Amino acid sequence: MDSIFLGGGGENYSLPQRLLLKYGNRHGLIAGATGTGKTVTLQVLAEGFSAAGVPVFMADVKGDLAGLAASGSAEGKLHEPFMKRAAQIGLDLHYRSFPVIFWDLFGEKGHPVRATVAEMGPLLLSRLLELTEPQEGVLNVAFRLSDEEELPLLDLKDLQALLTFVAENAQAISARYGLVSKESVGAIQRRLLVLENEGGAGLFGEPALDLADLMTVDASGAGRISILAADRLMHSPRLYATFLLWLLSELFEALPEVGDPEKPKLVFFFDEAHLLFTDAPKALISKVEQVARLIRSKGVGVYFITQNPADVPDNILGQLGNRVQHALRAFTAKDQKDLAKAAETYRPNPRFKIDEAIRDVGTGEAVTSLLEAKGIPGMAERTLIRPPSSQLGPIDDAARAAVMAASPVRGKYDQPLDRESAFEKLRARAESAAREAAELEARQAEEKREFERARRYDGQGYADPKPRTTKTSSRSDSVGEAFAKSFARQLGTKSGQALVRGILGSLFGRK
């Protein structure tokens with residue numbers, strides 16, 4: 001198998017339109033207005049790559065793509081239209097299911113998927129939190145301190161603890177890294193709180209996602225299709241877009257160069273791609289462009305799915321070799337301009353005007369341009385997209401649970417880990433400092449009490465205290481004390497006084 005049958009083009013839709021697997025890593029675009037058939041095209045392509053032994057990753061923003069895990073059925077309400085279309089385009093349609101692994105950032109409809117804060121990095125995290133440039137600078141300082149002080153950033157509480165440390169030591173840190181204001185730290189902390197309230201805390205932690213689990217095949221050699229449940233995630237569009245971009249960046253960093261393989265190592269479908277580029281800073285756009293340009297040499301194909309090709313920046317759009325353009329509606333002047341711009345990117349076909357075809361194609365039909373031999377863009381064709389082999393639409397909860405129970409990663413990510421990291425280390429430092437401070441305070445208090453016991457103020461200054469009088473037994477007197485007492489008694493007698501005069505006379509030469 002060296003290609004994926006996408007549908008029939010040409011006269012009467014009898015000319016097969018095939019995506020060559022060797023150019024599957026040259027990226028692609030699936031575009032079109034709502035309700036024109038993009039989801040079915042996405043499903044068909046995922047089936048084709050999986051059947052060819054290529055693992056697939058995709059986000060399921062509506063819940064419909066879960067049907068890949070179940071076989072289509074002759075009892076389905078679309079069976080007759082499907083068979084009619086299959087006959088028209090020359091397809092021998094057989095229903096089957098595909099090996100699926102369900103994932104979910106919230107751990108509800110799939111295996112939990114996590115990344116560490118350190119893996120996310122300050123650039124993507126700043127994008128996620130919508131930080132200003134000064135706030136992004138403070139976040140970069142925090143990441144630098146994490147490395148230098150050996151304070152691992154694994155989950156949100158690690159980052160929150162480190163930011164608290166930065167605020168408490170802002171003066172010393174500013175002297176070393178530049179101005180770090182407590183106000184900027186406070187703003188970042190508030191954005192982290194918002195992210196936490198949106199459920200984003202579940203994204204950060206361990207065990208982190210092992211990329212190898214996205215690139216497996218089943219016992220029959222079919223590529224596993226990893227489906228990220230994104231219906232709830234879409235309520236936090238920045239979280240959705242940032243996570244997918246992080247995953248793409250991790251693949252780019254981790255995978256080795258493979259040149260031009262006979263088929264991709266992985267195909268990555270980026271649905272609702274406009275969310276990635278809306279209000280994105282230049283640094284982020286540059287990063288996406290770099291990844292898109294270079295990741296194909298790692299054997300990864302990236303396919304952007306969006307309503308309008310204009311949603312994708314030109315520098316990235318120019319790298320998308322395989323294109324499936326469903327209908328675009330031209331209701332406004334801007335729509336007409338976007339339609340004309342989209343038509344200009346296709347290789348002309350003398351049989352029809354491309355802009356008119358893009359405007360007029362019906363549901364399940366598209367204008368396609370797929371790379372041919374030597375990577376040359378194929379001539380634009382009006383193509384009737386083939387029906388899927390798997391179930392069209394979602395599956396029920398029981399079927400999803402059965403797929404998860406048989407999953408090759410069952411139990412690997414279900415329980416979170418909380419090993420020692422920045423939060424625990426900073427807490428230990430704080431506790432140690434508190435103990436040392438308490439001990440120092442206790443020593444100083446004791447020294448003060450000793451000082452006050454040793455000296456008394458007599459109105460003119462501090463004087464030594466009077467010796468305490470205690471009754472002691474003559475048995476306990478030392479030899480020196482006994483001698484002193486005896487000498488004192490002798491001074492009161494005549495013999496004692498004579499003795500003193502004799503001692504003084506000998507000392508001063510007198511008798």
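Let's start with His 27, which is buried, with just 1% relative accessible area. His 27 sits in the loop between strand 2 (15–20) and strand 3 (28–31). Its backbone is worth a look in this predicted model: His 27 has a positive phi of about 70°, although it is not a glycine. For background, most residues other than glycine have a negative phi, and most peptide bonds are trans.

Glu 272 does something along those lines, with a positive phi near 50° in a residue other than glycine. You'll find Glu 272 in the loop between strand 8 and helix 9 (274–277). Is Glu 272 buried or partly exposed? At 24% relative accessibility, Glu 272 counts as partly exposed, because buried means under 20%. While we're on the backbone, look for the cis peptide bond that joins Glu 206 and Pro 207, where omega is about 0°. Pro 207 belongs to the loop between helix 7 (182–197) and strand 7 (225–229).

Now to the rings. The structure holds 10 aromatic pairs. In one of them, Trp 103 and Tyr 413 meet edge-to-face, 5.5 Å centre to centre and with 65° between the planes. Trp 103 lies in strand 5 (residues 100–104) and Tyr 413 in the loop between helix 14 (397–405) and helix 15 (422–454), so this pair ties together parts that are 310 residues apart in sequence. Both Trp 103 and Tyr 413 are buried.

Phe 270 and Phe 304 pair up too, but this pair is stacked: the centres are 6.0 Å apart and the planes 25° apart. Here the link runs between strand 8 (residues 266–270), home of Phe 270, and strand 9 (residues 300–306), home of Phe 304, with the two positions 34 residues apart in sequence. Phe 270 counts as buried at 0% relative accessibility, and Phe 304 is buried as well, at 1%. Step back a little and you can see a cluster joined by ring pairs, made of Phe 57, Tyr 240, Phe 268, Phe 270, Phe 277 and Phe 304.

Next, the helices. Two packed helices are described by the angle between their axes and the distance between the axes. Take helix 3 (residues 117–129) and helix 8 (residues 237–254): they pack at an angle of about 150°, with their axes 10 Å apart. Which way does helix 3 run relative to helix 8? Helix 3 is roughly antiparallel to helix 8, because angles over 145 degrees count that way. The crossing of helix 3 past helix 8 is right-handed. Helix 3 brings Glu 119, Met 120, Leu 124, Arg 127 and Leu 128 to the contact, while helix 8 brings Arg 238, Leu 239, Thr 242, Leu 245, Trp 246 and Glu 250. Sorted by class, that makes six nonpolar, one polar and four charged residues.

Helix 5 (residues 156–168) and helix 15 pack at an angle of about 40°, with axes 7 Å apart, and that makes helix 5 oblique to helix 15. Lys 157, Asp 158, Ala 161, Leu 162 and Phe 165 of helix 5 touch Ala 422, Phe 423, Glu 424 and Leu 426 of helix 15. This contact has six nonpolar, no polar and three charged residues.

Last stop: Gly 48, in helix 1 (residues 38–51). Gly 48 is buried, with a relative accessible area of 9%. Leaving aside neighbours within four places in sequence, Gly 48 is in contact with Met 1 and Ile 4. From Gly 48 to Leu 6 is 42 residues in sequence and 8.3 Å in space, C-alpha to C-alpha.

Terms used. Residues are numbered from 1 along each chain as its sequence is written. This is a predicted model: local features need pLDDT of at least 70, side-chain atom pairs count only at pLDDT 80 or more; totals for chains, interfaces and linings use all residues. Side-chain values use heavy atoms; hydrogens and water are left out. Axes are lines fitted to C-alpha atoms, for helices over the stretch in contact, and angles run from 0 to 180 degrees between N-to-C directions. Helices (H or I, at least four residues) and strands (E, at least two) are DSSP runs, numbered from the N terminus. Angles under 35 degrees count as roughly parallel, over 145 as roughly antiparallel, 65 to 115 as roughly perpendicular and the rest as oblique. A crossing is left-handed if the near helix is turned anticlockwise from the far one by less than a right angle, and right-handed if clockwise. Contact means heavy atoms within 4.5 Å. Ala, Val, Leu, Ile, Met, Phe, Trp, Tyr, Cys and Pro count as nonpolar, Asp, Glu, Lys and Arg as charged, and the others, Gly among them, as polar. Rings of Phe, Tyr and Trp (its six-membered ring) pair if their centres lie within 6.5 Å; planes under 30 degrees apart count as stacked, over 60 as edge-to-face and the rest as tilted. Buried means under 20% relative accessible area, exposed over 50%, partly exposed in between (1.4 Å probe, protein chains only).
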